[in-house]
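Reader: I am new to this structure and would like a close look at a single part of it. Please take one charged pair and its surroundings, and then say what else is worth knowing.

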Amino acid sequence: MKIAAGLLLLVCAATFAPRATAQAQGESRTQASLADDQALLLRQLKRLRSTMELLAQRFDGEGRKHAAELLRQGLKHLDERRPEFGDKTLEELMNSSQQNIESGMSVQSLETQQRVIEGLDKLYRILTDRMGLEDLQKSLENLQKIRSDLKALSAREQKLNEEAKKLEEQQLTAEQKALAQTIAAAEQQQRALRSETERQGREQRDLDLEALRGELAKLVQDQAVDAAVAKSWSPKDNAELDKAGAPLRAALESATHAERLARAASELRTAAAELRDPAAHVPDTQKELDAAARREERAQGTTGDPAAAKTAQALRAGADELAKTADQQGARDAAAKSLEERAQSLEALAASESAAAERSREAAQAQLQQTAQSASGASQAAQRAQKALEAAPKESAGKEQAARASLETAKAEFDAAQGELSELGTQLARSESEQGERTAALGKQLPNAAPTAGEEGQHANEALERAQAAQKSASEAAAKGDAKGASEKAAEAEAALREAQKELDALAAAQDAKSAGNEAMRALSEQQKSLGEAVGKLAEKAAQQASGSQQSQQSQSSESSPSAQQSQAAQAQAKASAQESSAALEEAQKAMQRAAQALQQGKSSEASRSQGEALQALQQAQRASSRPSGARTPEQEQKQKELGQEQEQVREELAALAERNRKRENAQPAPSLDRAQQSAKKAKQSFDEGDMEQAQEETEQTKRDMEQAQKELGEEEDQYQRLRQEELLFRIAEEVKQLTEEHKLQMDATLEVDKARPAGEKPTHTQRLRLKKIAKAEAALGGRAGELEKAIQSEESLVFAEILDQVKSDLVRIGGDMSEEGDFQSGERIQSLQQDVAESLAWLAEALQHEKERRKQEPQQGGQQQGDQQQRPRLVPDAAELKLMKRLELEIQDSITKFTRMHPEVEAGGEIDPLLLEDLQRLAWRHQRTSDLFEKFRKRLGIPDPGSDHP
């Protein structure tokens, strides 16, 4: 990205500035030069800002949303006033640095420039889509804290839901509880019957056939629309419509000329009136005419409009005349008269153009009226344009402008309609092609939906094939502009589809008749009938409860005490609930009767629909029967109040949490959090009103919104985790690269010293100093490898961490053996250890590079959900680590084989050199660590112990 490269140069230039400032303190010439350099950097930053703004707009237009968003984030960073920057923007900091340099305040300038460098570095990371590891970790921690708090709020909302349900149940009478439990049992039984009905339907393919018939019905409707369009389509009539285009365009052109001429005439008359007014200022009037003349001259140059040429000439002549007019009333009156004469001339031209526009408008209207009376699709287009033409004014102030506006509207309607008609053949061809694909798909589904369809199925399939062929022909005819052929074939396709529909209806009737004799369906019918009778008795019971509540209410109607009135209201509410429950149960019974009858006839699809209606009615009855009607006790009133207060606390904490989320840097929108606040507010109102049923619904909705917000924030957390790991991989790879390069320098230095050192002799004083330096450098590299190993270990990358641990151990050992403690070793043994370190670092660098490439190619996926927990993605996948572990083990085996071949005395059981024994122990230690590592992997991946009985 060029803009990022330019920014990098800007950062480098800003980095150089403080060094120069430090060297030039007190030297006025150098200060002036540095101030100029700082001003140049400021101008470059401003140009960079302008480039970013333009690129953001261009990228938006090109659909490059991510790149545009990065630029907008960069612009936001440039405008941001950060406390650590003294509440200044980057531009203001640069300006402040320039002022400090000019004032000789080098120290202050250095401090300011350092903050500028930090700001530019962050801008570079934004534009290259790379946040710093520290920023990512901070953003990740903030997001995780918000998710944790949201989870706690969700748990509180769930508890509120349970408490509301419990409070509602406490207010139910024994009769209500018994009725509710019986309805719940009936609902459960109905669900089981519906499930069995659908299973039987699937076995008999009844449901598949029903779905096929539904799709065919939609296809028939769509084909009928295409056939109607094809019938009304007439390219010949479209040509008739085109005839209205020429007069319509001529009318618009003349109306535009008339408006331009009338406007210029009005401006000349206005100027003349000002000249006749002694208080008016002649130069001001002249400037107005000069501006109007320039406007018309530009229009003439751009459009070549002859009317603009006339108006420009008249206005320019008037402006020039006023420039020479003396500020005396006689001269002013003479100039005014001249302007009025020019205005009169323009008005005559305007009237002529208006008349021409009217003649052309009438010609266009006559042609449109003729086309509008046809039966083609072009008639509607003509009617639309004609209606716009009729809106043109006859005589009124400013009629030229209104006439031009109405003609523009008519022209726009005409062009739009003409465009639609010109595309009608293409659209019809495309629609018929799509219809043919749908017909072919239905033909392929028919054998699966009705495997034993018999003669009806064969006829239906043949009809579908004919329909598809006709649709293909209709599409081809429409594409060629053959309206007659397209109309005939579209109608033929519609007829064939209707024939297929008739055959499938007959097939469905035959299957229903066959299912009617099915023993399982008859059994289901009997069960459904019995359940319907039971629900009918429940309806009677609910009706009796309503009647009892009414009698109790009548007996208390004469009492006027508050307690009696309260009891009377409760009885009225109980009556209403019982009546609602009874009515719903009656509806359920009727739906069950329809379902039983459909099952008796073998119509499983129809039965399933009726059973669904019965379930809905039972649920309504359940809600009505579970609605409290009695007055609450003081304890219940207090509990209701406490629940409302708790709900309000949850809402307030939700609002605070949503605000925290909005203030997060680069936070993504979380609309579910806003919806959760609204649901919580409604739940609070329900608690205050004592409507526990509604409170349950609202608290449940609030919880669902919270869960959705958790999901949205979880996806954002996944993104931060990926960005963090990509940045961590980048840093680790860079550190491994530096370790490799610095270790290579020490290897070269070791080889150089060892070549200059006679075999078997002590090193010279100079050589000892060099070996001490190499040993110290290698030990320091070992310390850095250890720090890197801890970072990778914390990411659970076990094999990568193991390799770095081995590198650390070898480097520390090399440092000890090459120092005075190890008698300044530099021979083949030390060089072999150094080579092992180099190979390990090379493996690590290669594996890291492969992982970076894999991440670029692999689509982004979120962490796997496990209940409420989200598994954190690993820095390196297990597969990559296992490959590296295999390579590690093979290398150890090769090293052992090589060691025994070079030192046969080991296997012979002779005396072994202590250093060789140490090397052998090192190989054994590595082999054991690799075995332990595999054991950890085996347990993490759930692989059974090889010694167990599991396969």
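Author: A residue is called buried when its relative accessible area is under 20%, exposed when that area is over 50%, and partly exposed in between. The model is a predicted one. Asp-805 has a relative accessibility of 10%, so Asp-805 counts as buried. Its partner is Lys-808: the two side chains form a salt bridge, with 3.3 Å from N to O. Lys-808 has a relative accessible area of 27% and is therefore partly exposed. Both residues belong to helix H26, and because they are three residues apart there, about one helical turn separates them.

The same helix also takes part in a nonpolar core. The largest such core has 36 residues, and those with the most contacts inside it include Phe-800, Val-807 and Met-818. Helices H24 (692–756), H25 (765–794), H26 (798–818), H27 (828–857) and H28 (878–902) each supply at least two residues of this core. H26 gives the most, with nine residues. Another core lies apart from it and has 24 residues, among them Leu-673 and Ala-709. In soluble globular proteins, nonpolar side chains tend to be buried together.

The pair in H26 is one of 49 salt bridges found in a search of the whole structure. In helix H8 (residues 206–232), Glu-215 and Lys-218 are three residues apart and so are separated by about one helical turn. Their side chains meet in a salt bridge at 3.9 Å, N to O. Glu-215 is partly exposed, at 38% relative accessible area, and Lys-218 is partly exposed, at 47%.

Elsewhere, salt bridges link several residues into a network: Arg-260, Arg-263, Glu-267, Arg-295, Glu-296 and Asp-305. Arg-260 sits in helix H10 (residues 245–276) and is buried, with a relative accessible area of 16%. Leaving aside residues up to four places away in sequence, Arg-260 touches Glu-296, Ala-299, Asp-305, Ala-307, Ala-308 and Thr-311.

Asp-305 has a further contact at the start of helix H12, where one of its side-chain oxygens comes to within 3.0 Å of the backbone nitrogen of Ala-307. Helix H12 (residues 306–324) has 19 residues and spans 28 Å from its first C-alpha to its last, close to the expected 27 Å. Its buried residues include Ala-307, Ala-308 and Thr-311. The buried residues of H12 pack against H10, helix H11 (282–303) and helix H13 (329–372).

Conventions: Residues numbered from 1 in each chain as written. Predicted model: local features only at pLDDT ≥ 70, side-chain atom pairs only at ≥ 80, totals over all residues. Heavy atoms only, no water. Helix = DSSP H or I, 4+ residues; strand = E, 2+ residues; numbered from the N terminus. Buried < 20%, exposed > 50% of the residue type's maximum accessible area, 1.4 Å probe, protein only. Contact = heavy atoms within 4.5 Å. Core = buried A, V, L, I, M, F, W, Y, C linked by side-chain atoms within 4.5 Å. Expected span 1.5 Å × (residues − 1). Polar contact = N/O pair within 3.5 Å; in protein donor to acceptor, adjacent residues only side chain to side chain. Salt bridge = Lys/Arg side-chain N within 4 Å of Asp/Glu carboxyl O.
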